[in-house]
Amino acid sequence: MTAYKTFAVVGGDLRQAHVANRLAAQGKTVYAMLLETNSALEKSLVCAEDPEDVLPQCDVIIFPLPMSTDERHVNAPFSKQKVRVCDCLSGLKPGACVLGGKVSPAMRALAESCGVTIIDYFEREELCVKNAVITAEGAASIAMEELPISLFGSRCMITGHGRISKALMRILRGMGADVTVAARKHGDLAEIEAEGCRAVHIATLAEHVRGMDVLFNTVPARILTADILEKLGPDTLLIDLASKPGGVGRTFAPPPKRPERPASRAGRARPRRSKKAAPEGFGRGGAQGTTVRAAKARSVRGAGARGKVA
C-alpha cells in the first residue's frame, strides 16, 4: 500500500472541508484550496496559493463532487477564484493519485490529454447508497421546515425509483406520510406497492399530482412540464433532488419574498441537520440552494454548498 503524505483538497462544499479536517487530524500534510470562505474548514488548513503552484508537490489531489459544473472550472462555491481544471491537472508529479466525483466524459478526456487518470469516487456503490440516504434525510428536513403542516398524514409524491427515492419513501412512510411514487418499470411499481406505498406509472403523473402537499422529484429529466405544474395546488411544495438538468428547469420566475409564518402556540421543532454530512447540490450537480416559483407551486432546490443535505 502506498503511504501518501501530502494531500490537496480542492474546491467543493462542506464535505470537502470535513475531508481536509479529517486528513489533518490523521497527521497528514493538507493544503485546502478554493475553500477560503468555508467556515467548517480549520483555518490553519487554508492555502491561499495558486493551485497550479501547489498541486505538483502533492501525492493526492481530491477534487469535489461534482468535479466541475461548467466543464471548465473547478466547482468551488466557497471561493471567489475561478480556476480552470486544466491548470490544476498540468504538471502533477508522476504517480499522483487524483480523485473526483461525478467526473464527466469531458473532464476525463481533459485529464487524459494531461496524462492524468482520475478515479471517480462516486462510482463506488457504498458511497452512492449512503449519499442517497443522507440526501433523503435532508429532503425530509427541508419539507418539515417549509411546510405549514406536519409530514404525518401529509400527501407526498415522489417521482422516480432510484436510490434516493427508495430511501426517501421509507423515511416518509416511517413518519406517517401518505406516499405515492411514480415510476416506469413494472418491477419498480410492484416493489413500491410491496413497501406499502401507492404506485403510479410516470406517464400518468399529471393525473395524480393534484392535491399533493409536497412533490419530490428525483428524475434528472424535464418531466415536470408546465401542464403538470399547473395542476399542483398553490401551497404544494416542490423539492427537486435530481441531477442536471433537474425536473423543472429555470423557465419560471423567482418567487416573491416569502412572508414570515407565525409560530404555533405549541411551537415547532426545527429539524436538526448533520454538521458533518454536507450535500452534493442536494443530489444535484451544482445546485446552490436557489428557490424558484413554478406556475403555482413553491419549488425548492437543494443547497449543496450551504450544507442542508449530503
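**Close-up views of a predicted model**

**Figure 1. The five-stranded open sheet.** In this predicted model, five strands form an open sheet in the order 2-1-3-4-5, and their pairing is parallel. The edge positions belong to strand 2 (29–33) and strand 5 (118–120); each has a single partner strand, so one side of each has no neighbour in the sheet. On average, neighbouring strands of this sheet are turned by 20° against each other, direction ignored. Strands of a sheet pair through backbone hydrogen bonds, in either a parallel or an antiparallel sense.

**Figure 2. Pairing of strand 4 with strand 5.** Strand 4 covers residues 97–100 and pairs with strand 5 in the parallel sense over three bridges. Val-98 has Ile-118 in strand 5 as its bridge partner.

**Figure 3. Helix 1 on the sheet.** Helix 1 (residues 14–25) lies across strand 1 (6–10), strand 2 and strand 3 (60–62). The helix runs at about 165° to strand 1.

**Figure 4. Cysteine residues.** The structure holds zero disulfides. For Cys-47, the nearest cysteine sulfur is that of Cys-58, 8.3 Å away, whereas a disulfide requires two cysteine sulfur atoms within 2.5 Å. Cys-47 is buried, at a relative accessible area of 10%. Cys-128 is also buried, and its relative accessible area is 6%.

**Figure 5. Helix 6 and its surroundings.** Helix 6 (residues 163–174) has twelve residues, which at 1.5 Å a residue should span 16 Å; the end C-alpha atoms are 17 Å apart, in agreement. Its buried residues are Ile-164, Ser-165, Ala-167, Leu-168, Met-169 and Leu-172. An α-helix has 3.6 residues a turn, so residues three or four places apart point the same way. The buried residues of helix 6 pack against two helices, helix 5 (125–146) and helix 7 (186–194), and against strand 6 (155–159), strand 7 (178–183) and strand 9 (214–217). Gly-176, just after helix 6, takes a positive phi of about 85°.

**Figure 6. The surroundings of Asp-213.** Asp-213 sits in the loop between strand 8 (198–201) and strand 9. Its relative accessibility is 15%, so Asp-213 counts as buried, the cut-off being under 20%. Beyond its neighbours within four places in sequence, Asp-213 is in contact with Leu-147, Ile-149, Ser-154, Arg-155, Asp-235, Thr-236 and Leu-237. Ser-154 is 59 residues from Asp-213 along the chain, and their C-alpha atoms are separated by 6.2 Å. At Arg-155, the backbone nitrogen lies 2.8 Å from a polar atom of the Asp-213 side chain.

Methods. Residues numbered from 1 in each chain as written. Predicted model: local features only at pLDDT ≥ 70, side-chain atom pairs only at ≥ 80, totals over all residues. Heavy atoms only, no water. Pairing = 2+ DSSP bridges. Helix = DSSP H or I, 4+ residues; strand = E, 2+ residues; numbered from the N terminus. Axes fitted to C-alpha atoms, helices over the stretch in contact; angles between N-to-C directions. Contact = heavy atoms within 4.5 Å. Buried < 20%, exposed > 50% of the residue type's maximum accessible area, 1.4 Å probe, protein only. Expected span 1.5 Å × (residues − 1). Polar contact = N/O pair within 3.5 Å; in protein donor to acceptor, adjacent residues only side chain to side chain.
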